[in-house]
Amino acid sequence: MPRARALLERHRGRALRGLGRLDEAQEHARRALAAFRANGEAYNTARALTDLAEILLAAGEPAAALPLTDEAIRILSEENADQHVEYLRRLRERCSGPRE
């Protein structure tokens, strides 16, 4: 049950981000992240980090998103999740790209 609850939190956060409800989305993503970390689930921890980074980037906080992206890249590289690592590298570029 704890894993299912964490997955639900993660997906609620993603849905709320899609609706533009970024504060609520961030709360759900943080709860999911905490649960996955507590359960030692590396892959899902990285996916929750990715979600949180996307939310922060959408909220105009690229500097806050950058370390989350880097941590997710590290974890997923160890998991050999190459496709997701490529996505994260593009996300990282958006976080660290030129700002006006």
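Helix axes at an angle over 145 degrees count as roughly antiparallel. In this predicted model, helix H2 (residues 22-38) and helix H3 (residues 42-58) pack at an angle of about 160°, so H2 and H3 are roughly antiparallel to each other. Their axes are 9 Å apart, and H2 passes H3 in a left-handed crossing.

The residues that make this contact are listed by helix.

| Helix | Residues in the contact |
|---|---|
| H2 | Leu22, Ala25, Gln26, Ala29, Arg30, Ala32, Leu33, Phe36, Arg37 |
| H3 | Asn44, Thr45, Ala48, Leu49, Leu52, Ile55, Leu56, Ala58 |

By type, the residues of the contact of H2 with H3 comprise 12 nonpolar, three polar and two charged.

Helix H4 covers residues 62-78, a run of 17 residues. From the first C-alpha of H4 to the last the span is 24 Å, close to the 24 Å expected at 1.5 Å a residue. Buried positions in H4 are Pro62, Ala65, Leu66, Leu68, Thr69, Ala72, Ile73, Ile75 and Leu76. These buried residues pack against H3 and against helix H5 (82-96). After H4 comes Asn80, which has a positive phi, near 60°.

Arg5 is part of helix H1 (residues 2-18). The cut-off for an exposed residue is over 50% relative accessible area; Arg5 has 52% relative accessibility and therefore counts as exposed. In sequence, Arg5 and Arg31 are separated by 26 residues, while their C-alpha atoms are 9.7 Å apart in space.

Methods
Residues are numbered from 1 along each chain as its sequence is written. This is a predicted model: local features need pLDDT of at least 70, side-chain atom pairs count only at pLDDT 80 or more; totals for chains, interfaces and linings use all residues. Side-chain values use heavy atoms; hydrogens and water are left out. Axes are lines fitted to C-alpha atoms, for helices over the stretch in contact, and angles run from 0 to 180 degrees between N-to-C directions. Helices (H or I, at least four residues) and strands (E, at least two) are DSSP runs, numbered from the N terminus. Angles under 35 degrees count as roughly parallel, over 145 as roughly antiparallel, 65 to 115 as roughly perpendicular and the rest as oblique. A crossing is left-handed if the near helix is turned anticlockwise from the far one by less than a right angle, and right-handed if clockwise. Contact means heavy atoms within 4.5 Å. Ala, Val, Leu, Ile, Met, Phe, Trp, Tyr, Cys and Pro count as nonpolar, Asp, Glu, Lys and Arg as charged, and the others, Gly among them, as polar. The expected span of a helix is 1.5 Å times one less than its number of residues. Buried means under 20% relative accessible area, exposed over 50%, partly exposed in between (1.4 Å probe, protein chains only).
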